[in-house]
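Work through the exercises below with the sequence and the 3D view open. Try each task before reading its solution.

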Amino acid sequence: MLAADPTSYEANINAGAVLDLMGDYDKARTHLKTAIEVAPSDRRIQSLRTMAVSYAFTCDLPKVQNFEDLAAQSLVDAQKFTDAAGTYNELARIYLECGDPAAASKWYQTGFQTATRGLNLSDADRDLWNFRLQSAKARIAAREGNAAEANTDLAAAKALLDSGKV
């Protein structure tokens with residue numbers, strides 16, 4: 001596909017993803033940069049998030065945050081608050097996996113606040129986002145070695161789950 005059309009969005013994003021999985025990050029990011037530049041408007045967010053994940057492989061957190069935030073901000077601008085919140089949660093998970101639980105906590109909270117901005121968020125969806133936040137807090141506390149706090153947060157998450165609304 002790349003030989004036929006070096007500016008093809010599909011060819012570049014797929015090449016970037018495959019090269020990332022092979023560990024050839026520099027070459028992957030060259031293709032992902034092209035994918036971002038040529039992405040159709042309905043695929044731009046996907047290309048930004050794919051680039052963020054590329055940087056996540058090497059825990060280059062400032063670059064991860066830059067691309068995730070660009071994607072999330074575009075979603076907020078389009079008033080797609082739950083999609084933006086999911087992007088912020090993705091950023092939080094990357095921070096947690098890369099060993100920065102304080103930043104993870106900040107981004108999980110940002111995701112929660114963004115999701116709950118939605119004017120037509122149902123009670124069930126609000127409970128789901130509360131469950132996600134409590135679950136994240138439990139994982140963060142566990143990573144920090146705070147078993148008591150992790151258990152408290154886990155109990156709160158379980159109570160939301162047991163309510164049958166999530």
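The exercises go from the whole chain to single helices and residues of this predicted model.

**Exercise 1. Overall make-up**

Task: State how many helices and strands the protein has, and describe its extent and surface.

Solution:
- Step 1. The protein has eight helices and zero strands, so the order from the N terminus is α-α-α-α-α-α-α-α.
- Step 2. Along the principal axes, the C-alpha atoms fill a box of roughly 55 × 35 × 25 Å.
- Step 3. The accessible surface is about 8900 Å², and carbon and sulfur atoms account for 52% of that surface.
- Step 4. Of the 166 residues, 40% count as buried.
- Step 5. Take the contacts between residues at least 6 apart in sequence: 48% of them join residues at least 24 apart.

**Exercise 2. Charges**

Task: Count the positive and negative side chains, and find how far apart the centres of the two sets lie.

Solution:
- Step 1. There are 18 positive and 22 negative side chains.
- Step 2. The centres of these two sets are 2 Å apart.

**Exercise 3. The nonpolar core**

Task: Find which residues have the most contacts inside the largest nonpolar core, and which helix gives the most to this core.

Solution:
- Step 1. The largest nonpolar core contains 33 residues, and M51, V64, F67, Y95, A104, W107 and Y108 have the most contacts inside it.
- Step 2. At least two core residues come from each of α1 (9-22), α2 (25-38), α3, α4 (61-77), α5, α6 (101-115) and α7 (123-143).
- Step 3. Helix α5 gives the most, with seven residues.
- Step 4. For one of the core residues, V64, the contacts beyond four places in sequence are A52, Y55, A56, L91 and I94.
- Step 5. In soluble globular proteins, nonpolar side chains tend to be buried together.

**Exercise 4. Helices α5 and α7**

Task: For α5 and then α7, give the span, the buried residues and the helices they pack against.

Solution:
- Step 1. Helix α5 has 17 residues and reaches 24 Å from its first C-alpha to its last, close to the 24 Å expected at 1.5 Å a residue.
- Step 2. Twelve of the 17 residues of α5 are buried, so this helix is mostly covered. Among them are F81, A84, Y88, L91 and Y95.
- Step 3. The buried residues of α5 pack against α3, α4, α6 and α7. Just after α5, G99 has a positive phi of about 90 degrees.
- Step 4. Helix α7 has 21 residues and reaches 30 Å between its end C-alpha atoms, close to the 30 Å expected at 1.5 Å a residue.
- Step 5. Buried in α7 are D127, W129, L133, Q134, A136, A138, I140 and A141, and the buried residues of this helix pack against α5, α6 and α8 (147-162).
- Step 6. Just after α7, G145 takes a positive phi of about 80 degrees.

**Exercise 5. Two polar residues**

Task: Is N89 buried or exposed? Place R44 in the same way.

Solution:
- Step 1. N89 lies in helix α5 (residues 81-97).
- Step 2. N89 counts as buried because its relative accessibility is 8%, and the cut-off for buried is under 20%.
- Step 3. Beyond four places in sequence, N89 is in contact with W107, Y108, G111, W129 and R132.
- Step 4. R44 belongs to helix α3 (residues 44-56). R44 counts as partly exposed because its relative accessibility is 36%.
- Step 5. Not counting residues up to four places away, R44 touches I36 and A39.
- Step 6. N12 is 32 residues from R44 along the chain, and their C-alpha atoms are separated by 13 Å.

Note on methods
Residues are numbered from 1 along each chain as its sequence is written. This is a predicted model: local features need pLDDT of at least 70, side-chain atom pairs count only at pLDDT 80 or more; totals for chains, interfaces and linings use all residues. Side-chain values use heavy atoms; hydrogens and water are left out. Helices (H or I, at least four residues) and strands (E, at least two) are DSSP runs, numbered from the N terminus. Buried means under 20% relative accessible area, exposed over 50%, partly exposed in between (1.4 Å probe, protein chains only). Contact means heavy atoms within 4.5 Å. Accessible areas come from the Shrake-Rupley method with a 1.4 Å probe; for residues, only the protein chains shown count as cover. Lys and Arg count as positive and Asp and Glu as negative; His and the chain ends are not counted. The place of a charge is taken as NZ of Lys, CZ of Arg, CG of Asp or CD of Glu. A nonpolar core is a set of buried Ala, Val, Leu, Ile, Met, Phe, Trp, Tyr and Cys residues joined through side-chain atoms within 4.5 Å. The expected span of a helix is 1.5 Å times one less than its number of residues.
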